[in-house]
Amino acid sequence: MFSRDKKLTNEQVVEKVLLEKYNSFYRMAISYTHNEADAADIVQEGAYRAIKNCRSLKDPQFASTWVYRIMLNEVYRFVTQKRPDSLDQMDDYQEEGKSDSYEDTDLRRVLDSMDPADKAVIELKYFEELKIKEIAEILGENENTVKSRLYRGLRKLRIDLEAEGYDR
């Protein structure tokens with residue numbers, strides 16, 4: 001990714017990734033929080049940690065994967081520290097006239113009911129259009145584990161959406 005930019009420092013490479021992928025990080029955060037302020041806080045904290053720890057980046061070629069992992073860790077930290085009442089918060093969010101990255105509230109509700117790791121795989125694959133290999137690197141998991149999470153998550157999505165009256 002950054003082979004032409006070999007003379008860039010780790011900090012410059014990380015800053016470049018943060019600027020190029022900001023919208024992706026924000027969409028990912030808001031899909032978990034359903035709150036613009038919380039999503040912005042997550043991305044800001046993730047960016048701070050990425051820049052602060054950029055010296056530990058061993059290979060600038062993998063900066064994007066490294067920063068995604070930091071952002072996911074921030075999302076997981078938020079989810080475990082401040083577990084919102086999902087349905088109440090979603091209703092409040094919709095009443096304010098806000099919209100997130102998912103147009104379909106049923107899809108969002110089903111995704112929100114999933115295990116965070118399975119949800120992350122589906123979002124990274126279908127909303128961020130990353131390859132299985134990239135997702136495995138971001139999550140620090142084996143590609144086969146990522147595939148299993150993806151297929152399990154898609155099966156859950158299909159079952160839950162069909163239960164709500166949606167057909168394929």
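## Exercises: pocket, rings and core

The twelve-residue lining of the largest pocket splits into five nonpolar, three polar and four charged residues. Keep in mind that this is a predicted model.

**Exercise 1. Describe the largest pocket: how much space lies in it, and which elements give two or more residues to its lining?**

*Step 1.* Start with the volume: the largest pocket holds about 240 Å³ of space.

*Step 2.* Now look around its centre. Of the twelve lining residues, Q61, S64, T65, E134 and E137 sit closest to that point.

*Step 3.* Sort the lining by element. Helix 3 and helix 7 (132-139) each give two or more residues, and helix 7 has the largest share, with four.

**Exercise 2. Find the aromatic pairs in the whole structure and classify each one.**

*Step 1.* Count first: the search turns up two pairs.

*Step 2.* Take Y22 and Y26. Their ring centres are 6.2 Å apart and their planes differ by 15 degrees. Planes under 30 degrees apart count as stacked, so this pair is stacked.

*Step 3.* Place that pair on the chain. Both tyrosines belong to helix 1 (residues 10-33), and because Y22 and Y26 are four residues apart there, about one helical turn separates them. As for exposure, Y22 has 38% relative accessibility, so Y22 counts as partly exposed.

*Step 4.* Move on to F25 and Y68. Here the centres are 5.0 Å apart and the planes stand at 75 degrees, so you'd call the pair edge-to-face.

*Step 5.* Check where those two rings come from. F25 is in helix 1 and Y68 in helix 3 (residues 63-81); with their positions 43 residues apart, the pair links distant parts of the chain. F25 and Y68 are both buried.

**Exercise 3. Which residue lies over the face of Y32, and at what distance from the ring centre?**

*Solution.* Look above the Y32 ring and you'll find K119, 3.9 Å from the ring centre.

**Exercise 4. Work out which residues touch the most other members of the largest nonpolar core, and which element gives the largest share.**

*Step 1.* A bit of background: in soluble globular proteins, nonpolar side chains tend to be buried together.

*Step 2.* The core here has 43 residues, and V14, F25, M28, V67, M71 and L124 touch the most other members.

*Step 3.* List the elements giving two or more residues: helix 1, helix 2 (36-52), helix 3, helix 5 (105-112), helix 6 (116-127), helix 7 and helix 8 (143-163).

*Step 4.* Pick the top contributor: helix 3 supplies ten residues, the largest share of this core.

Definitions and conventions: Residues numbered from 1 in each chain as written. Predicted model: local features only at pLDDT ≥ 70, side-chain atom pairs only at ≥ 80, totals over all residues. Heavy atoms only, no water. Phe/Tyr/Trp six-rings, centres within 6.5 Å; stacked < 30°, edge-to-face > 60°. Buried < 20%, exposed > 50% of the residue type's maximum accessible area, 1.4 Å probe, protein only. Lys NZ or Arg CZ within 6 Å of the ring centre and 35° of its normal. 1 Å grid on protein atoms, 1.4 Å probe; cavity = no way out; pocket = protein on both sides within 12 Å on 5 of 7 lines; lining within 4 Å. Points joined across faces, edges and corners; volume = space filled by probe spheres on them. Nonpolar A, V, L, I, M, F, W, Y, C, P; charged D, E, K, R; others polar. Core = buried A, V, L, I, M, F, W, Y, C linked by side-chain atoms within 4.5 Å.
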